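Colleague: I am new to reading models like this one, and I would love a close look at one part. Could you take me through it slowly?

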Amino acid sequence: MESLRMDYRFTAILILMLTMLAFFTEPAYPAESQTNVSGSNTSIEGGYTGGATTYQSGSSSNTTSTTNSTSNVKSAPPTSSAPSYNSMTQDVCAVGVSLGVQTFGLGISGGKHAIDKNCERLKLARILNDFGMKVAAVAILCQDERVFESMIQAGTPCPIDGKIGKEAKELWGKYDHERPDYTTYVKRMKDREKADLKAQKEMTKELNKMDKELLDTKPIHNK
């Protein structure tokens with residue numbers, strides 16, 4: 001019975017102490033508050049009564065930081081490469097031609113094969129000469145206006161209609177429009193006509209001058 005009373009007393013004392021502790025103890029609040037948009041904050045908390053440090057007015061600090069970045073990068077598209085064209089064999093007179101154009105918005109490239117006529121003439125003339133057809137080989141080469149002109153200058157005109165030598169020269173003079181160098185030939189003939197006309201005028205002028213001098217030096221006989 002005595003021990004039961006002791007338990008009651010102990011319980012009553014414990015309840016009384018807890019009640020006093022609840023009434024006389026104050027919770028600890030932070031000494032200051034901060035509001036930041038960006039950054040890092042350190043707040044010291046505790047039950048201080050007069051140790052808080054404040055600014056000139058108030059105890060809050062607000063910081064706002066705004067960063068805007070705009071980039072506009074323009075770069076050209078990959079370069080347009082012209083394709084490569086090669087001859088299939090060494091005995092083909094074909095040349096590869098290609099072209100490429102590149103801009104900021106568009107790239108175009110293309111290519112094709114082109115026939116080299118001068119190469120064909122040389123190969124054909126060589127084959128005809130190997131077969132013993134020398135006149136035919138010369139006739140093939142005479143399709144080039146440079147060869148034709150050189151043959152005329154050498155006094156051995158190119159073959160025409162089975163004729164060679166003087167007979168060929170007469171036919172080329174009659175059908176000069178068939179010459180491979182016809183355009184150059186016509187221009188040369190016009191230049192020669194101008195040169196001949198100029199020389200004729202100068203000669204006429206010189207003859208008239210001589211006649212005048214002769215008349216001035218001839219004595220006059222009075223009857």
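Is Glu149 buried or exposed? Please tell me also about the side chains that pair in that part.

Modeller: Happy to help! This is a predicted model, where local features need pLDDT of at least 70, side-chain atom pairs count only at pLDDT 80 or more, and totals for chains, interfaces and linings use all residues. Residues are numbered from 1 along each chain as its sequence is written, and side-chain values use heavy atoms, with hydrogens and water left out.

Now to your residue. Glu149 has a relative accessible area of 19%, so Glu149 is buried. Here buried means under 20% relative accessible area, exposed means over 50%, and partly exposed is in between (1.4 Å probe, protein chains only). The partner of Glu149 is Arg188: the two form a salt bridge, with their closest N and O atoms 3.2 Å apart. A salt bridge is a side-chain nitrogen of Lys or Arg within 4 Å of a carboxyl oxygen of Asp or Glu. This pair links distant parts of the chain, since Glu149 belongs to helix H4 and Arg188 to helix H6 (residues 182-217), 39 residues apart. Helices (H or I, at least four residues) are DSSP runs, numbered from the N terminus. Arg188 itself counts as partly exposed, at 21% relative accessibility.

Why can such side chains pair? Side chains of opposite charge can do so when their charged atoms come close.

By the salt-bridge rule, the count comes to 6. Another of them joins Arg146 and Asp144, at 2.9 Å from N to O. Arg146 is exposed, with a relative accessible area of 58%, whereas Asp144 is buried, at 8%. Asp144 also forms a salt bridge with Arg121, where the closest N and O atoms are 3.9 Å apart. That pair links distant parts of the chain too: Arg121 is in helix H2 (residues 117-130), and Asp144 is in the loop between helix H3 (134-141) and H4, 23 residues apart. Arg121 is buried as well. Shared partners join Arg121, Asp144 and Arg146 into one network.

Back in helix H4 there is a ring to look at. Phe148 and Trp172 form an aromatic pair that is edge-to-face, 4.8 Å centre to centre with 85° between the planes. Rings of Phe, Tyr and Trp (its six-membered ring) pair if their centres lie within 6.5 Å; planes under 30 degrees apart count as stacked, over 60 as edge-to-face and the rest as tilted. Phe148 lies in helix H4 (residues 145-153) and Trp172 in helix H5 (residues 165-174), so the pair ties together parts that are 24 residues apart in sequence. Both rings' residues, Phe148 and Trp172, are buried.

Terms used:
Helices (H or I, at least four residues) and strands (E, at least two) are DSSP runs, numbered from the N terminus.
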